[in-house]
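Please open the structure in a viewer and keep the selection tool at hand. The tour proceeds by stops, each with something to select and something to find there.

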Amino acid sequence: MLFLGFAAGIPLLLIFSSLSLWLREAGVERSAVTFFSWAALGYSFKFIWAPLVDRLPLPWLTRRLGRRRGWLLLSQIAIITAIALMASVDPAQGDHSLVLMALAAVMLGFSAATQDICIDAYRIEIAPPAMQGMLSAAYIAGYRIGMVTSGAGALFLAAMFMSSMEQYSYQAWRLTYLIMAATMLIGVATTLLVREPEVERVDAYHYGPMDYARLVLVFLLAVAAFAGTFFFTSSTVAALKQATGGGPFGAFLLETLHFALALGIAGLVGWALVRVGAVNREMARQTWVAPVLDFFRRYGLQTALLLLALIGLYRISDIVLGVIANVFYQDLGFTKPEIAQAVKTFGVVVSIAGGFIGGLMATRFGVMRILMLGAVLSALTNLIFVALAYVGHSLPLLYLTVAADNLAAGLASAAFVAFLSSLTSVSFTAVQYAIFSSLMTLLPKVIGGYSGSIVDGIGYPGFFIFTTLIGVPVLVLVWLAGRRLALREEP
């Protein structure tokens, strides 16, 4: 689990912070840089294809390696390919190269999210519940080490290979990303060496190859409907942006409606295909509908909607800020080595410490109380960024900011994972956990894509105050959810 955690931690920052700095050095506008954070939306939609990963056998790989290791190896090969494709593109060459970079980044996000689905399922099945705490701790430690490697490691390598804001070098970043692709071989070797979980499956579904093929076809057609709707309505949305003045908040609302329309059309296409018999209805119901119905049946409509709202908004303050944090540090004049040492090394250590503190406090004082504490700290610590924005280049204040931000994030994350685990049904562990973890990052990442435009409109201090204020509704949701769950537990 330590090595698989390392493999899971490598891709994320190659889409977020490391890619952001590469694009900025290549001369890409700040507003366009933050849009690339949407490439990681695959993490937020992994619940859609998580049931396919759970049920769909892969030709040859499943027979040779087993259900979990077969999918795991396929996703890791796809990750290596996507990182190598990103390395082959110079973003300074214009819009065409940016499109190619975006496509490769989307492929990386999709493949990495698939790997996460496989590792979560593998961890649950490889050992009894008494061992899960140890496995999770090893996985998180490996994940953080992977993030340090692809974050601080990538920045150190790019600087060592002589790329900077003053003198951009595509070859430096190309070599850096190829080295990052090579580090994924640790995950590949682990997948090939470990054993497949020995799980006695009572599988009531004995479908043939054509049934599985039709299920995948319905999924792909729904995805195509989403992409087609989003693409063909983009010009209309752009015209509406111009008509409304093009402000960041108006643009965000329009893009949210744009996104919701595409998602709704995709769902309608999938539903229609099931209705006309393009796929076995019972198969489709058990794959996508049953896990959702189970959650609503257990908690009731009102409580379930409240819990989903809390899950979708809990991490909004720190995720929205995190999208532009490295660009902010760079705009203040901090060098890549300074950012790497403070954020990617010191910050990760503090985050791990915050996670252990949050776990211990949740055990001692209860999950909901520490969930509330984490929400308060996540919002308030964003105000320290306002001070840094006014002071400017100050290493002591940078380290104080990073320490407060990562300690709060680590504590909140530990409590939140425990909270999500408590909501998951044993019958649908992998799928429901994928749904919760996807929903957790969906809205924050969509808003985060506009963080550059918001900063251009209201400045860094105003942006950091904004990220604090959007965390206030979370406090109300935690309080309401705590009351609802407490009432359910009463005899």
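Begin by selecting Ser17, Ser20, Leu21, Arg24 and Glu25 in helix H2, together with Val323, Asn326, Val327, Gln330 and Asp331 in helix H16; these are the residues through which the two helices meet. Sorted by class, this contact between H2 and H16 comprises three nonpolar, four polar and three charged residues. The model on display is a predicted one.

Now show the axes of the two helices. Those of H2 and H16 come within 8 Å and cross at roughly 45°, which means that H2 is oblique to H16. The crossing of H2 with H16 is right-handed.

Within this contact, select the side chains of arginine 24 and aspartate 331. They meet in a salt bridge, with 3.1 Å from N to O. Arginine 24 belongs to helix H2 (residues 17-25) and aspartate 331 to helix H16 (residues 316-331), so the pair ties together parts that are 307 residues apart in sequence. Are the two partners buried or exposed? Arginine 24 counts as buried, at 18% relative accessibility, because the limit for a buried residue is under 20%. Aspartate 331, at 32% relative accessibility, counts as partly exposed.

Next, colour the whole of H2 by accessibility. How many of its nine residues are buried? The count is nine of nine, and H2 is thus described as mostly covered. Among the buried residues of H2 are Leu19, Trp22 and Leu23, and Ser17, Ser20, Leu21 and Glu25 are also on that list. Move on to glycine 27, just after H2, where phi is positive, at about 90°.

**Further salt bridges**

The salt bridge between H2 and H16 is not alone: the count for the model comes to five salt bridges. Two others merit a stop.

Select arginine 69 and glutamate 196. These residues form a salt bridge in which the closest N and O atoms are 3.9 Å apart. The pair links distant parts of the chain, 127 residues apart: arginine 69 is in helix H6 (residues 67-87), and glutamate 196 is in the loop between helix H10 (185-193) and helix H11 (209-232). Arginine 69 counts as buried, with 10% relative accessibility.

Then select aspartate 120 and arginine 123, whose side chains meet in a salt bridge at 3.1 Å, N to O. Where do these two residues lie with respect to each other? Both are in helix H7 (residues 95-126), and because they are three residues apart, about one helical turn separates them. In an α-helix there are 3.6 residues a turn, so residues three or four places apart point the same way. Aspartate 120 and arginine 123 are both buried.

**A second pair of helices**

Turn to helix H1 (residues 2-15) and helix H9 (residues 170-183), whose axes come within 10 Å and cross at roughly 155°. H1 and H9 are therefore roughly antiparallel to each other, and their crossing is left-handed. To view the contact, select Phe6, Ile10 and Leu14 in H1, which meet Tyr177, Met180 and Thr183 in H9. By class, the contact of H1 with H9 contains five nonpolar residues, one polar residue and no charged residues.

**Single residues to select**

Two residues other than glycine also take a positive phi. Tryptophan 60 has a phi near 70° and is found in the loop between helix H4 (46-55) and helix H5 (61-65). With a relative accessible area of 48%, tryptophan 60 is partly exposed.

Methionine 162, in the loop between helix H8 (129-160) and H9, has a phi near 75°. Is methionine 162 buried or exposed? Methionine 162 is exposed, its relative accessible area being 61%.

Finish at glycine 250, in helix H13 (residues 248-275). Glycine 250 is partly exposed, with a relative accessible area of 32%. From there, draw a distance to glycine 359: the two residues are 109 residues apart in sequence and 40 Å apart in space, C-alpha to C-alpha.

Note on methods. Residues numbered from 1 in each chain as written. Predicted model: local features only at pLDDT ≥ 70, side-chain atom pairs only at ≥ 80, totals over all residues. Heavy atoms only, no water. Salt bridge = Lys/Arg side-chain N within 4 Å of Asp/Glu carboxyl O. Helix = DSSP H or I, 4+ residues; strand = E, 2+ residues; numbered from the N terminus. Buried < 20%, exposed > 50% of the residue type's maximum accessible area, 1.4 Å probe, protein only. Axes fitted to C-alpha atoms, helices over the stretch in contact; angles between N-to-C directions. Parallel < 35°, antiparallel > 145°, perpendicular 65-115°, else oblique. Left-handed = near helix turned anticlockwise from the far one by under 90°. Contact = heavy atoms within 4.5 Å. Nonpolar A, V, L, I, M, F, W, Y, C, P; charged D, E, K, R; others polar.
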